[in-house]
Amino acid sequence: MRFGLLGTGYWATETQATALAAHPRAELVAVWGRDPAKAGAVADRFGLQAYEQIDDLLAHVDAVAVALPPHVQAPLAARAARAGKHLMLDKPLALDIEDAEDVVAATRETGVANLVFFTNRYDPVVAEALADAEQTGGWFAGRVTLFGAIDTPGSPYAQSQWRHEHGGLWDVGPHALARLLPVLGPVRQVTAVAGARLTGHVLLRHESGAVSEMGLTVHAPPAAGHFSNVFYGESGVREVPGGSISAVEAFGNAVDELLVLAQTPGAGHPCDVVFAAQVVRVLFAALESVETGRAISL
């Protein structure tokens with residue numbers, strides 16, 4: 001499968017391009033970026049063709065891997081899908097529901113294979129633990145705490161404008177929901193408040209009757225950086241581990257799964273754009289709850 005890369009930042013180069021360049025059944029052949037100079041540098045590093053126009057790139061690839069801010073990603077993803085290109089997208093899918101739904105509509109129109117890279121969902125240890133928790137059932141509560149520290153000196157995300165503007169809710173919130181929703185089910189009500197260090201504290205009432213909570217930020221002090229994922233139920237307390245492999249290895253696993261989907265027309269996937277749009281709806285409800293001070297029903 002011939003891939004074009006949309007994006008030239010740290011995540012695009014150090015994770016996506018690196019994984020694609022090493023993959024035995026994928027070929028990274030093209031790159032586009034909002035800054036032509038940066039696109040040229042990526043092209044030189046990986047031996048690619050840099051394109052100044054999206055449509056020119058799309059004419060020479062089978063699929064696109066996207067590593068762009070979500071408000072940039074969504075319209076380009078819909079455009080690529082309508083051109084018949086398979087999609088490997090990043091989270092969050094979009095920053096508003098309408099853009100997310102347009103990507104879903106575009107994939108349905110053309111039937112292209114599509115995945116969203118919720119990183120740990122492509123880690124076999126995490127995937128197995130979540131599948132086992134889902135099968136066990138009987139959970140009445142869950143919790144995910146994700147306190148990142150992108151302001152740490154040397155952080156590759158320190159200059160990420162969209163992360164600073166939209167914070168942990170939109171950056172690490174998708175990762176939290178990608179763990180909670182498979183086990184506890186769809187969300188029906190969201191209540192959220194903002195706290196110090198741009199934290200988001202979110203309560204989710206699930207269709208199953210379970211209630212979960214998320215503590216989210218990307219602006220924690222380095223000493224307070226923390227991750228945990230716990231479920232509480234009839235069988236006791238279940239801690240789900242963090243990642244066991246690198247992001248590059250996880251992305252390679254995601255490419256494997258996209259290749260299978262591309263040969264299985266109509267097949268769905270737990271991390272496809274339909275699921276990613278559900279995540280956007282929950283995040284948008286949390287944002288609305290913070291702004292209005294009330295619970296938001298979905």
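**Exercise 1.** Which side chains meet in a salt bridge with an N to O distance of 2.2 Å? Place the pair in the chain and describe the exposure of each partner.

*Solution.* The structure is a predicted model, and the pair in it is formed by glutamate 101 and arginine 281, whose side chains meet in a salt bridge. Glutamate 101 belongs to helix 5 and arginine 281 to helix 10, so that the pair links distant parts of the chain, 180 residues apart. For the exposure, buried means under 20% relative accessible area and exposed means over 50%, with partly exposed in between. Glutamate 101 has a relative accessible area of 32% and is therefore partly exposed. Arginine 281, with a relative accessible area of 29%, is therefore partly exposed too.

**Exercise 2.** How do helix 5 and helix 10 pack, and which residues meet?

*Solution.* Begin with the geometry: helix 5, which covers residues 97-110, and helix 10, which covers residues 273-292, pack at an angle of about 170°, their axes being 9 Å apart. Because angles over 145 degrees count as roughly antiparallel, helix 5 is roughly antiparallel to helix 10. Turn next to the residues in contact. Helix 5 contributes Ile97, Ala100, Glu101, Val103, Val104, Thr107 and Arg108, which meet Val273, Val274, Ala277, Val280, Arg281 and Phe284 in helix 10. By character, the residues of this contact comprise nine nonpolar, one polar and three charged. Glu101 and Arg281, both listed in this contact, are the partners of the salt bridge of the preceding exercise.

**Exercise 3.** How many salt bridges does a search of the whole structure find, and which residues are linked with Arg82 in a network?

*Solution.* The search of the whole structure finds 11 salt bridges. One of the pairs is glutamate 14 with arginine 45, with 2.7 Å from N to O; glutamate 14 lies in helix 1 (residues 10-22) and arginine 45 in helix 2 (residues 36-46), 31 residues apart. Glutamate 14 counts as partly exposed, at 29% relative accessibility. Another salt bridge joins the side chains of arginine 82 and aspartate 102, at 2.9 Å from N to O, and this pair connects helix 4 (residues 70-82), which holds arginine 82, with helix 5, which holds aspartate 102, across 20 residues. Both partners are partly exposed, arginine 82 with a relative accessible area of 39% and aspartate 102 with 32%. As for the network, Arg82 is linked by salt bridges with Asp102 and Glu109.

**Exercise 4.** In what order do the seven strands of the open sheet stand, and which helices lie across strand 8?

*Solution.* The order is 12-11-7-10-9-8-13, with mixed pairing. The edges are strand 12 (236-239) and strand 13 (296-297), each of which pairs on one side only. At the strand 13 edge, two bridges join strand 13 to strand 8 (residues 187-195), and these two strands run antiparallel; there glutamine 189 stands opposite serine 297 of strand 13. Of the helices, helix 8 (residues 173-184) lies across strands 7, 8, 9, 10 and 11, and runs at about 165° to strand 7. Helix 10, already met as the packing partner of helix 5, lies across strands 8, 9 and 13 and runs at about 50° to strand 8.

**Exercise 5.** Which peptide bond is cis, and where do arginine 197 and leucine 198 lie?

*Solution.* The cis peptide bond runs from lysine 91 to proline 92, with omega near -15°, and proline 92 is found in the loop between strand 5 (86-90) and helix 5. Arginine 197 lies in the loop between strand 8 and strand 9, and leucine 198 is placed in that loop as well. Arginine 197 has a positive phi of about 60° although it is not a glycine, and leucine 198 likewise has a positive phi, near 55°. The side of leucine 198 towards solvent can be judged from its relative accessible area of 53%, by which leucine 198 is exposed.

**Exercise 6.** Is leucine 68 buried or exposed, and which residues is leucine 68 in contact with, leaving aside its neighbours within four places in sequence?

*Solution.* Leucine 68 lies in the loop between strand 4 (63-66) and helix 4. At 10% relative accessibility, leucine 68 counts as buried, because buried means under 20%. With those neighbours set aside, its contacts are Leu6, Gly7, Trp32, Arg34, Gln73 and Leu76.

Key
Residues numbered from 1 in each chain as written. Predicted model: local features only at pLDDT ≥ 70, side-chain atom pairs only at ≥ 80, totals over all residues. Heavy atoms only, no water. Axes fitted to C-alpha atoms, helices over the stretch in contact; angles between N-to-C directions. Helix = DSSP H or I, 4+ residues; strand = E, 2+ residues; numbered from the N terminus. Parallel < 35°, antiparallel > 145°, perpendicular 65-115°, else oblique. Contact = heavy atoms within 4.5 Å. Nonpolar A, V, L, I, M, F, W, Y, C, P; charged D, E, K, R; others polar. Salt bridge = Lys/Arg side-chain N within 4 Å of Asp/Glu carboxyl O. Buried < 20%, exposed > 50% of the residue type's maximum accessible area, 1.4 Å probe, protein only. Pairing = 2+ DSSP bridges.
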